[in-house]
Amino acid sequence: MRKHHPFIDGLRAVAIIPVLLFHLDLGAPGGFVGVDIFFVISGFLIASIVIRELEEGRFSFLRFWERRIRRILPALAVVVFASAVAGFFWMIPSHLEELGKSILAQPALAANIYFFQETGYFETSAEFKPLLQTWSLAVEEQFYLFFPLVMLLLLRNKRHSESQPHSQRRAAIVFVLVCIAGSLAWSIYSSIHYPSFGFFLTPSRIWELDLGVLLALTGTLGFKKRKLNELYSWLGLGMILVAVATFSAATPFPGYTALLPCIGTVLILGSNLANPTSLGRLLSMEPIRFVGLISYSLYLWHWPLIVFTRYHTLSELTPPQQIILALASFGIAAASWRFIEQPFRNKASSSSTRRSSRMPFVFAAGIAVLLVGTGFLFARSEGLPKRFPAEILALTDLDDDHMQLRGRDYFEEHGTMPTFGAERLKAERNILVWGDSHAIALIPILESLGKEHSVCFHLAAQPSTPPLLNVYTERIGRATIEWSESVLSYLGQDTFDGVLLHARWSLYTEPDEGGTGRNLVRSDLDSDGLGEAVFLEKLRATLVALRNHVTHISILEEIPSHKISVPEFMMLAKLRSQLIEDEEFVSRWDRSSSIFHHEAAERATGELNVQLIDPSPELVSGSGKILRFADGKILYGDSHHLSRAGAERLRDPILDWLETTL
């Protein structure tokens, strides 16, 4: 029987409390490291069981997965279905559709992959994803898909005393060390170059779980002196607390920074296994242990509670709401532990019959069918829109089919760029519009103005792809470079009267909400450079290259952005009968923050005689408030893309540009 260490329950409390404080914005900017503490603890505990059973010749894959099902699935299933019910009654169609897709990812153990593709952990949109916390469960279960098999190959049917490690255990130690080194190296690299990939996906997290595995293979850290154990135990806690207090969403993570909380966790575990230190005794106190015992349920429940509260209020949490949510999270977690977790786990310890051992797998299969059915219903129906009256749904019916255009796909299929406005051969002027999805949003106004003034607009626009030469982003990869070369080559194949550049410029120069850096521009020549510095350097180089092909170059500056999707906000506000003009819901615009007010950008555009077009006067009130609607029409398709009505608002500045510049 495995010896139970009460202090490990307390260590779980040290992991979960920072996560809760971080999500509630209660003074733990690095609280997300609690997940990494869980990874190390999990690696140690699971490995301890698997290694002991393998060396005793009684390991069973069926028994292993029976334990995992009983430990993970019951509470998770209740949280997922509770979120589905809440989503059905509260969520607008687009959000319920996304929830359905995240539910579908659960039985496939792919939640981390889904959320990696959909969003960043620190991005604002993540605040409306009630199952986001399940990404870490997927990482663990993906790791445990292959971990027992690897250990079986290394330790199969060999009995030996733990005090005299057999050569095969040494081989396992070497193997785990190699895995730690490789995964850590990739984690460090990806945290800098591919932050979202590194954060969500398993390869960059293996080393954290393997630190626990390594400790399970080696036993205690070998500190024989009590004072040394005391030192390392408290040092470990200090390392964790430093990470919690000083890290933030802008910290490259996991990477080398994750070593601080992970090594701290190893120090606490290793120095308390033989004999508890004063910290170990403190962590073993019943109130702290209890928080650790309910930590899994607390981790599952607290995030949906926060998400649906924000969803209902449409604003940041107030201090009273933060306190109430914290207390509610503890209360629900305690009930979940007592009435859901405990009954299923206790059955595992008392089960001995073959039939009872099959029941968890039957239960898991049934839950998987229900999850797939629920997720498929939400996703395939596009969020069950018939739940809402037609006038509510009309707020998001913005006739935006043109936003589906993908310039790169069109170019690869047709060998030319899509055109709008006057026919190419009959037009008096040909203008290349190069940009990202913000340029695609201009199609309605380009089409109408082009026909009215005999202008053919050639649209070289690809979402999330900056109109710059020799740059790339983590999100799109180096295909960005190939695309920009294709655009420049296209420009040289014909005679153009001018080029208009337009994009969501800040996306490529400033970290995402929370600093993930997934969209920051990176240099092809200097992959360590990213963001604003690379942008300014490549902007000038791009303008110089364009000058070799055209006389007139213009830049449409950034469209002012709202905090959340305007149609979705309008829908929610109308459903809640809220005052949508309350100051807390207003977004404001400061043009001076634009990258084109940067001294280097002003100098580059000025020297090369590049005209800047400012769209903000048409979209911002005199008081600086960004408009949501005008003349009874919504101006945005989401938080930052213009709707058809919004694009039409730019008629005057674009027409003035056509008449005075070209």
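# Reading burial, pairing and packing in a predicted model

Me: Is R12 buried or exposed?

Reply: R12 is buried, since its relative accessible area is 16% and the limit for that class is under 20%. Please bear in mind that this is a predicted model.

Me: With which residue does the side chain of R12 meet in a salt bridge?

Reply: To read such a pair, one looks for a side-chain nitrogen of Lys or Arg within 4 Å of a carboxyl oxygen of Asp or Glu. The partner of R12 is D9, with an N to O distance of 2.9 Å. D9 is also buried, at a relative accessible area of 2%.

Me: Where do R12 and D9 lie with respect to a helical turn?

Reply: Both belong to helix α1 (residues 6-23), and because they are 3 residues apart, about one helical turn separates them. The pair also has further company: D9, R12, E286 and R289 are linked in a network of salt bridges.

Me: How many salt bridges does the count come to?

Reply: The count is 23 salt bridges. Among them is the pair K451 and E447, whose closest N and O atoms are 3.0 Å apart. These two residues are 4 residues apart in helix α20 (residues 443-452), so about one helical turn lies between them. K451 is exposed, with 57% relative accessibility, whereas E447 is partly exposed at 24%. Another of the salt bridges joins R58 to E56, with 2.6 Å between the closest N and O atoms. Here R58 is partly exposed at 36%, and E56 is partly exposed at 33%.

Me: How many disulfides does a search of the whole structure find?

Reply: The search finds 0 disulfides. C179 is in no such bond, and the nearest cysteine sulfur, in C262, is 16 Å away.

Me: Why is there no bond from the sulfur of C262 to that of C179?

Reply: The reading rests on distance: a disulfide requires two cysteine sulfur atoms within 2.5 Å. The sulfur of C262 has its closest cysteine sulfur in C179, and the 16 Å between them is too far for a bond. As to their surroundings, C262 is buried at 0% relative accessibility, while C179 is partly exposed at 25%.

Me: At roughly what angle do the axes of helix α3 and helix α6 cross?

Reply: The axes of α3 (residues 61-90) and α6 (residues 135-155) cross at roughly 170° and come within 12 Å. That angle makes α3 roughly antiparallel to α6, because angles over 145 degrees fall in this class.

Me: Which residues in α3 meet which residues in α6?

Reply: From α3 the residues are F61, F64, W65, R68, I72 and L76. From α6 they are L137, E140, E141, Y144, L145, P148, L149 and L152. By class, this contact has 11 nonpolar, no polar and 3 charged residues.

Me: Where is R205 found, and what does R205 touch?

Reply: R205 is in the loop between α8 (195-200) and α9 (206-218). R205 is nevertheless buried, with a relative accessible area of 1%. Leaving out residues up to four places away in sequence, R205 touches D36, F39, W135, V139, S183, G198, F199, F253 and P254.

Me: Is the peptide bond from F253 to P254 cis or trans?

Reply: Most peptide bonds are trans. The bond from F253 to P254 is cis, with omega near 5°. P254 lies in the loop between α10 (226-246) and α11 (259-272).

Me: Is the phi of D25 positive or negative?

Reply: Most residues other than glycine have a negative phi. The phi of D25 is positive, near 55°. D25 is placed in the loop between α1 and α2 (34-55) and is exposed, with a relative accessible area of 59%. S454 likewise has a positive phi, near 55°. S454 sits in the loop between α20 and β3 (455-461) and is buried at 18%.

Me: How far apart in sequence and in space are H562 and S587?

Reply: H562 and S587 are 25 residues apart in sequence and 5.4 Å apart in space, C-alpha to C-alpha. H562 lies in the loop between β7 (552-556) and α24 (566-576) and is buried at 9% relative accessibility. Apart from its neighbours within four places in sequence, H562 is in contact with S587, I626, L627, R628, Y636 and S639.

Terms used:
Residues numbered from 1 in each chain as written. Predicted model: local features only at pLDDT ≥ 70, side-chain atom pairs only at ≥ 80, totals over all residues. Heavy atoms only, no water. Buried < 20%, exposed > 50% of the residue type's maximum accessible area, 1.4 Å probe, protein only. Axes fitted to C-alpha atoms, helices over the stretch in contact; angles between N-to-C directions. Parallel < 35°, antiparallel > 145°, perpendicular 65-115°, else oblique. Contact = heavy atoms within 4.5 Å. Nonpolar A, V, L, I, M, F, W, Y, C, P; charged D, E, K, R; others polar.
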